[in-house]
Each structure stands twice: as C-alpha cells, then as structure tokens.
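Welcome! Take a moment to turn the structure around before reading on, and then let us walk through it together.

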Amino acid sequence: MNAPTTDTPAAYRRATVIGGGVIGISWAALFLAHGLEVTVNDPRPDAEQQVLAGLAEITPTLSELGLPTEDFTSRLRFEADLAAAVADADVVQENGPERLEVKQRIWRAVEHAAPAHALLATSTSGIPATAIAEAMEQPERLVVGHPFNPPHLVPLVEIVPGAKTSARTLLQARGFYASLGKKPQVLRKEIPGFVANRLQSALFRECVHLVAEGVVTEAELDEIVTDSIGLRWAVAGPFRTFHLGGGPGGLPHFIQHLGSAMEATWPGLGNPTFDEPTVAVLTEQAQEAFGDETVGELAAGRDRAQIALMRALGKTPDTAPDIAAVRT
C-alpha cells in the first residue's frame, strides 16, 4: 500500500482502535460512520459482544447527526493480536488502561508493527505523551488525541504533543480529526490532565464539596449548573463571559472592579476527598436523583439534548459526509 501524501479524509482508509471500552466503542462508531474500515483490538473474550452492543446503542445518535450507519459494521473486524491489528492501519487510536506502563508496552509494540505513515494517537485522559513515548524508538510519531466523552458526539479533540512529537505528526493529527467533523485544539504546552479535564475536575471538586457539606443535593446542584453557567458557557466561554460582564470596558474593567472580590473567595473553595462518608453521600443521592432510569436511557436523553443544543449553535453538519470521497 502506498503511504498517504495528504492530510485529507482520502488519506485514511483503515483505522485500528485499541481498547473496546466506552471510548474505544465511540471512536469506532465515528470512524465507521465516516467510511473507514475499522479493526478493534481488545484481548477480552467478550470484546466483540460488548463492542457490537455499544455500537447498537450509539447508532441512533449517529443517524440523528446525519451520518450513514446502514450496514456499517460490515467494515468492522476484531483482532486480538496487537501486531496483526495495526499491520495495515492508516491511523491507530489507543484507548487502553490509564496506566503508564501499559501504554508504554502497547506503543512499543505498535511502532514496530504499524506502517511508517500511520498516525499514532493515544486517547489518554491525563498521561503526557512525553512519558508514554519514552519507551518508543520514534517518539516523534506519538501524539495525544484526547476526546471529550463521547467522541462520536462532542466535537472537541485536544491534540497534545510530547517533547519530541514532530510538527508533521501534529499536522497529520489535526487534519485527520478535522476530516471527521471534530474541532481539534492543539495545546501550546504539555500539562497533566490537559485542559478540558482540568477544568471539569476543578468544577467537580467544588460540586463534591457543596454536596458533602449539605449546601445542596446532587439534583439541585445539577439544576443550578444547567440553568446558569452551563447555558452561558455553551454560548460563550469563561473569558468571553466575563469580558461581556465588564460592560464597555470589557475584561479589564471586570477584573478591576470585581476581580478582587472573586479572588477573595478562592481560598474558601472546598478541598474534599473521596473518603467513605463522602462516597456514601454521593452514592445515595445519585440513586435518588438518577435511579429511576438506566444509564443507557439517561445517556440517550443526554445525546438528544446535546444534538439539539449543538444544532442551535451551528456545531453539527447539516448533511452527511461524502463517504465515497472518504474511501477513494
């Protein structure tokens, strides 16, 4: 096979997804819906059953997005042997356990078995590419391609280079994810946890603190977020929001007049731990708030609402992609 020469959809025909968990299934669904041939590598004996069941759950969301799903699993295969699974891949998307030694072992094997032109990306949610690539002979080939869950729906992919990731790899990654309709963001500096997860973690820490302290229940806190900053941040991020909050003077005026008052609250923010009493409170309230529906039913409702919101914001394609163009 000739190596692809451009970073267009046509450059990618075959994708290998390592790990058939929630993230891996979501990536596989997106790749299939865009016309790629997909190989899933997962050593679990029930991997095929789990992946097919997950794809069946995701299919209605893909159809709602205008992506073709009819008989798309005909381009799906399963291969438990890692070297065989990546042997003809144009892109390898790894979603293995979030343990450094496991990822190092995976990528050491992949770089020797995958074609020289293949894009090598890890979906790690927090481990720097530099650390993973220490085990590789060609660390310039590896890049973090971190999605925000679920990858088949939420547009963001954080592309994070390691210390030795090449400029070509970054360009290749950005082109590939953009060809899938994703919104790739290349981080300017490597940092554990990247950006979206750090922001989510910071907010969730305070959420846990407020619930554990009995200020609000989980259900009440969720409503507070979705009825205020959730709506606002979907339209304008934190900096744009406070820029608008500063009136004609913008963000500088906001910081000058309200910044010190906001800063004064920072030391009082919570620093909870997942100790036994806290986990007990969170578990009990989660059952009260969400226990009447299965996780699958809740996820389906979330996806329908997410699509409606994305359409209102112009963040979904109006038409399905030209699959013939993807595969030629």
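Let us begin at one residue, proline 147, which counts as buried because its relative accessibility is 5%, under the 20% that marks the limit for burial. Please keep in mind as you look that this is a predicted model. Proline 147 sits in strand β6. Setting aside residues up to four places away in sequence, proline 147 touches Ile23, Trp27, Ser123, Leu156 and Val157. For a sense of distance, you can also look from proline 147 to glutamine 50: the two are 97 residues apart in sequence, and their C-alpha atoms are 21 Å apart in space.

Just after this strand comes a feature of the backbone. Most peptide bonds are trans. The bond that joins asparagine 149 and proline 150, however, is cis, with omega at about 0 degrees. You will find proline 150 in the loop between β6 (142-147) and β7.

Now step back to see the whole protein. How many helices and strands does the protein have? There are 14 helices and eight strands. The radius of gyration is 21 Å, close to the 20 Å that the globule rule gives for 328 residues, so the protein is as compact as a globular protein of that length. Along the principal axes, the C-alpha trace spans about 60 × 45 × 45 Å. Of the 328 residues, 41% are buried. The accessible surface comes to about 17,600 Å², and carbon and sulfur atoms account for 57% of it. As for charge, the protein has 26 positive and 40 negative charges, and the mean positions of these two groups are 10 Å apart. Among contacts between residues at least 6 apart in sequence, 70% join residues at least 24 apart.

With that overview in hand, let us go inside. The largest nonpolar core has 37 residues, and the members that touch the most others are Phe31, Leu36, Val38, Phe176 and Tyr177. Several elements each supply at least two residues of this core: β1 (14-18), α1 (22-33), β2 (37-41), α2 (47-64), β5 (119-122), β7 (156-161), α6 (167-179) and α13 (295-312). Which element gives the largest share of this core? That is α1, with eight residues. Phenylalanine 31 is a good place to pause: beyond its neighbours within four places in sequence, it is in contact with Ala15, Val17, Leu36, Val38, Gln93, Phe176 and Leu180. Apart from this core lies another one, of 18 residues, with Ile18, Val102, Leu120 and Met136 among them.

From the cores we can move to the loops. Leucine 65 lies in the loop between α2 and β3, and it is buried, with a relative accessible area of 7%. Leucine 65 and isoleucine 307 are 242 residues apart in sequence, yet their C-alpha atoms are 7.4 Å apart in space. The loop between α2 and β3 (76-78) also holds aspartate 71. Is aspartate 71 buried or exposed? Aspartate 71 counts as exposed, because its relative accessibility is 56%.

The backbone angles give us another thing to look for. Most residues other than glycine have a negative phi. Aspartate 71 has a positive phi of about 60 degrees although it is not a glycine. Phenylalanine 194 also has a positive phi, near 65 degrees, in a residue other than glycine. Phenylalanine 194 is found in the loop between β8 (183-186) and α7 (196-212). With a relative accessibility of 0%, phenylalanine 194 counts as buried.

Our last stop takes in two threonines. Threonine 217 lies in the loop between α7 and α8 (218-226), and at 30% relative accessibility it counts as partly exposed. Leaving out neighbours within four places in sequence, threonine 217 is in contact with Val211 and Gln285. Threonine 217 and leucine 251 are 34 residues apart in sequence and 33 Å apart in space, C-alpha to C-alpha. Threonine 278 belongs to helix α12 (residues 276-290). It counts as buried, because its relative accessibility is 11%. Outside its neighbours within four places in sequence, threonine 278 is in contact with Val208, Ala212 and Thr273.

Technical notes. Residues numbered from 1 in each chain as written. Predicted model: local features only at pLDDT ≥ 70, side-chain atom pairs only at ≥ 80, totals over all residues. Heavy atoms only, no water. Helix = DSSP H or I, 4+ residues; strand = E, 2+ residues; numbered from the N terminus. Rg over C-alpha atoms; globule rule 2.2 N^0.38 Å. Buried < 20%, exposed > 50% of the residue type's maximum accessible area, 1.4 Å probe, protein only. Contact = heavy atoms within 4.5 Å. Areas by Shrake-Rupley, 256 points an atom, 1.4 Å probe, with all protein chains shown as cover. Lys, Arg positive; Asp, Glu negative; His and termini not counted. Charge placed at Lys NZ, Arg CZ, Asp CG, Glu CD. Core = buried A, V, L, I, M, F, W, Y, C linked by side-chain atoms within 4.5 Å.
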